[in-house]
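Okay, thanks everyone for coming. I'll put the structure up and then walk you through it from one end to the other.

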Amino acid sequence: MARTPESPDPDRPAPAPGEEPRSPAPDGSGPAAPAAGREPAARQRVGTDPALDEHQKQGVSGAMWTALILGLLVLILLLIFILQNNVPADFTYMGWTFSLPLGVAMLLAAVAGALIMGLVGSVRLFKLGHRVRKLEKERADIKRALR
C-alpha cells in the first residue's frame, strides 16, 4: 500500500502537538527569512544554469543538408533553363553594349541578387553577433557580482 502524506511513518515518531514538520520552500530557496529581532539571514545564492555557460552546439547539420539538396535542385533547374534559352540577346548597360545568351544573362542577374542579399544578411548577422557578445559580457559581470 502506498504511503500518503497524511499517513504517519511507522519508523518516525509523530510530531508533538505544537510542532509542525518543516518542509522546503516551494521555490527551493531554503528556509524562510528570520523574524524581526533575530540575526539577518545569510545572503542567499542566486542559482544560475551552468548549461548556459557552455558552448551551445548548433543543430544545423539537418538544416544544412536540406538547404544543400534544395540548392542542388534549383541549380539543376537553372541549368535546364540556361540550356533551353541560349538565344543571344543584346544588352546595354551604362553605355556598354554587349550580347549574351539569355540564360547566361539571367544567371548573372540571379548571382548579383544573391550577392546583394548576402551582403544585407551579413550586416544583420554582424549586428546580432555584436549584441550577443555585449549581453554575454553583461551576464558575466552579473554572475561576478553575485558571487
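Before I give you the fold pattern, one bit of bookkeeping: helices here are DSSP runs of H or I with at least four residues, strands are runs of E with at least two, and both get numbered from the N terminus. With that in hand, the chain reads α-β-β-α along the sequence. So you're looking at two helices and two strands. And please keep in mind that this is a predicted model.

Some overall numbers. The chain has 147 residues, and 3% of them count as buried. Its accessible surface is about 13,900 Å², with 66% of that belonging to carbon and sulfur atoms. If you take contacts between residues at least 6 apart in sequence, 28% of them join residues at least 24 apart.

Let's start with helix 1, residues 61–84, where you'll find leucine 75. Buried or exposed, that leucine 75? Exposed, because its relative accessibility is 51% and the cut-off for exposed is over 50%. Leu75 is also part of a nonpolar surface patch of about 1,000 Å², along with Trp65, Leu68, Ile69, Leu70, Leu72, Leu73, Ile76, Leu77 and Ile80.

Moving on to the strands. Strand 1 and strand 2 run antiparallel, and six bridges join them. They make a hairpin with two residues in between. Which residue stands opposite tryptophan 96 of strand 2? That's tyrosine 93. Further along the pairing, aspartate 90 faces serine 99 in strand 2.

Now have a look at the turn, because methionine 94 has a positive phi of about 50° and is not a glycine. As a reminder, most residues other than glycine have a negative phi. Met94 sits in the loop between strand 1 and strand 2. At 71% relative accessibility, Met94 is exposed.

Back into strand 1, residues 88–93, for phenylalanine 91. Phe91 is partly exposed, with a relative accessibility of 25%. What does phenylalanine 91 touch, once you leave aside neighbours within four places in sequence? Trp96, Thr97, Phe98, Leu100 and Ala105. Compare that with leucine 102: eleven residues from Phe91 in sequence, and 9.7 Å away in space, C-alpha to C-alpha.

That brings us to helix 2. This one has 45 residues and spans 66 Å from its first C-alpha to its last, close to the 66 Å you'd expect at 1.5 Å a residue. Which residues of helix 2 are buried? Gly103, Ala105 and Lys143. The cover over the buried residues of this helix includes helix 1, strand 1 and strand 2. And Ala105 is one we've just met, as a contact of Phe91.

Last stop: salt bridges. How many does the chain have? The count comes to one. The partners are aspartate 141 and arginine 144, whose side chains meet at 3.0 Å, N to O. Both lie in helix 2, residues 102–146, three residues apart, or about one turn of the helix. An α-helix has 3.6 residues a turn, so residues three or four places apart point the same way. As for accessibility, Asp141 is partly exposed at 34%, whereas Arg144 counts as exposed at 57%.

To recap: an α-β-β-α chain, with a nonpolar patch on the surface that includes Leu75, an antiparallel hairpin with Met94 in the turn, and a salt bridge between Asp141 and Arg144. That's it from me, happy to go back to any of these.

Notes
Residues numbered from 1 in each chain as written. Predicted model: local features only at pLDDT ≥ 70, side-chain atom pairs only at ≥ 80, totals over all residues. Heavy atoms only, no water. Buried < 20%, exposed > 50% of the residue type's maximum accessible area, 1.4 Å probe, protein only. Contact = heavy atoms within 4.5 Å. Areas by Shrake-Rupley, 256 points an atom, 1.4 Å probe, with all protein chains shown as cover. Patch = residues over 30% accessible without salt bridge, like charges linked within 9 Å, V, L, I, M, F, W, Y side chains within 5 Å. Salt bridge = Lys/Arg side-chain N within 4 Å of Asp/Glu carboxyl O. Expected span 1.5 Å × (residues − 1). Pairing = 2+ DSSP bridges.
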